[in-house]
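Open the model in your viewer, switch to a cartoon view, and keep the selection panel handy. We will go from stop to stop, and at each one you will get something to select and something to look for.

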Amino acid sequence: MLIAGFPAGAWGTNCYLVAPAAGEECVIIDPGHEAAQGVEEALKKHRLKPVAVVLTHGHLDHVASVVPVCGAHDVPAWIHPADRYMMSDPEKALGRSIGMPLMGELTVGEPDDVQELADGAELELAGLEFGVAHAPGHTKGSVTFRMPETSDVPSVFFSGDLLFAGSIGRTDLPGGDHAEILESLARVCLPLDDSTVVLSGHGPQTTIGRERATNPFLRDVASSRHERSAADRAAPRRGM
């Protein structure tokens with residue numbers, strides 16, 4: 001499997017191109033601010049043909065290049081319906097103006113073909129499998145994508161802005177909810193194997209095992225779940 005990633009734009013958002021191998025079809029994940037040129041360079045370098053753009057959420061730093069990338073290659077964009085409005089109205093998603101100079105560089109709106117993601121969906125794109133998990137908290141429509149383990153490659157988890165190396169996504173923008181992101185961490189991340197490679201929306205790659213051991217947010221979530229489980233086991237049982 002080939003995964004080519006690079007940080008793009010003012011926010012250093014990680015954009016990924018995923019393919020079975022060089023010279024084959026690929027999926028583009030989160031082409032954000034000023035990512036279009038980097039996408040084209042990676043496509044040329046690895047001789048890839050995109051078949052879809054998939055988005056972990058709708059914030060501007062993850063979707064700003066969706067229209068030019070989808071338009072150049074005539075491919076659909078996949079996004080959760082709760083975040084779809086952000087492609088056309090990025091300022092509303094941020095709760096403030098992002099500034100006219102920056103806005104002047106962007107092509108705001110939806111590509112011609114938009115497909116909506118659902119929790120538990122299994123996408124088969126470019127000969128690859130992507131398991132979709134709805135993971136609200138950073139935004140209402142945040143999702144993650146997990147690729148299954150193979151004989152020679154560990155499972156890969158595209159976490160968006162849910163989980164970072166040593167941290168988690170912010171929850172102070174419209175649609176953010178701290179309790180909700182902690183629930184998403186517990187439900188989506190904790191069940192994953194320690195060997196799972198985490199490729200997040202910002203910063204370096206990590207693994208679930210490393211984050212389970214060192215990330216203070218994931219450690220707290222795991223501890224809370226363990227305490228609740230112990231309390232449940234100790235509680236008196238009624239009925240059959």
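Select strand 5 (77-79) and strand 6 (114-116): in this predicted model the two run parallel and pair over three bridges. Show side chains at Ile79, and you will find Glu116 of strand 6 standing opposite.

Now widen the selection to the whole sheet. Six strands form an open sheet in the order 1-2-3-4-5-6, and the pairing is mixed. Strand 1 and strand 6 are at the edges with a single partner strand each, so each has one side without a neighbour in the sheet. Look along the sheet to see the twist, which averages 25 degrees from one strand to the next.

Next, add helix 3 (66-73). Helix 3 lies across strand 3, strand 4 and strand 5, and runs at about 145 degrees to strand 4.

Then pick helix 1 (residues 36-46) and colour Gly38, Val39, Ala42, Leu43 and His46, which are its buried residues. Turn the view to look down the axis of helix 1: these buried residues fall within an arc of 135 degrees, so they line one face. Gln37, Lys44 and Lys45, on the other side of helix 1, are exposed. What do the buried residues of helix 1 pack against? Their partners are strand 1 (2-8), strand 2 (13-19), strand 3 (25-29), strand 4 (49-54) and helix 3. Before you leave, click on Arg47 just after helix 1, where phi is positive at about 55 degrees.

Now for the interior. Show Leu17, Ile28, Val53 and Val66 as spheres: in the largest nonpolar core, which has 24 residues, these touch the most other members. Strand 1, strand 2, strand 3, helix 1, helix 3 and strand 5 each give two or more residues to this core. Centre on Leu17 and display its surroundings. Beyond its neighbours within four places in sequence, Leu17 has contacts that include Leu2, Phe6, Ile28, Val39, Leu43 and Leu48. Another core, of 21 residues, lies apart from this one; Val132, Phe145, Phe158 and Leu199 are among its members.

Finally, zoom out to the full chain. Its 240 residues, 50% of them buried, include eight helices and 14 strands. Switch on the surface: the accessible area is about 11,200 Å², and 50% of it belongs to carbon and sulfur atoms. Among contacts with a separation of 6 or more, 61% join residues 24 or more positions apart.

Key
Residues are numbered from 1 along each chain as its sequence is written. This is a predicted model: local features need pLDDT of at least 70, side-chain atom pairs count only at pLDDT 80 or more; totals for chains, interfaces and linings use all residues. Side-chain values use heavy atoms; hydrogens and water are left out. Buried means under 20% relative accessible area, exposed over 50%, partly exposed in between (1.4 Å probe, protein chains only). Helices (H or I, at least four residues) and strands (E, at least two) are DSSP runs, numbered from the N terminus. The arc is that of the directions from the helix axis to the C-beta atoms. Contact means heavy atoms within 4.5 Å. A nonpolar core is a set of buried Ala, Val, Leu, Ile, Met, Phe, Trp, Tyr and Cys residues joined through side-chain atoms within 4.5 Å. Accessible areas come from the Shrake-Rupley method with a 1.4 Å probe; for residues, only the protein chains shown count as cover. Two strands pair if DSSP finds at least two bridges between them. Axes are lines fitted to C-alpha atoms, for helices over the stretch in contact, and angles run from 0 to 180 degrees between N-to-C directions.
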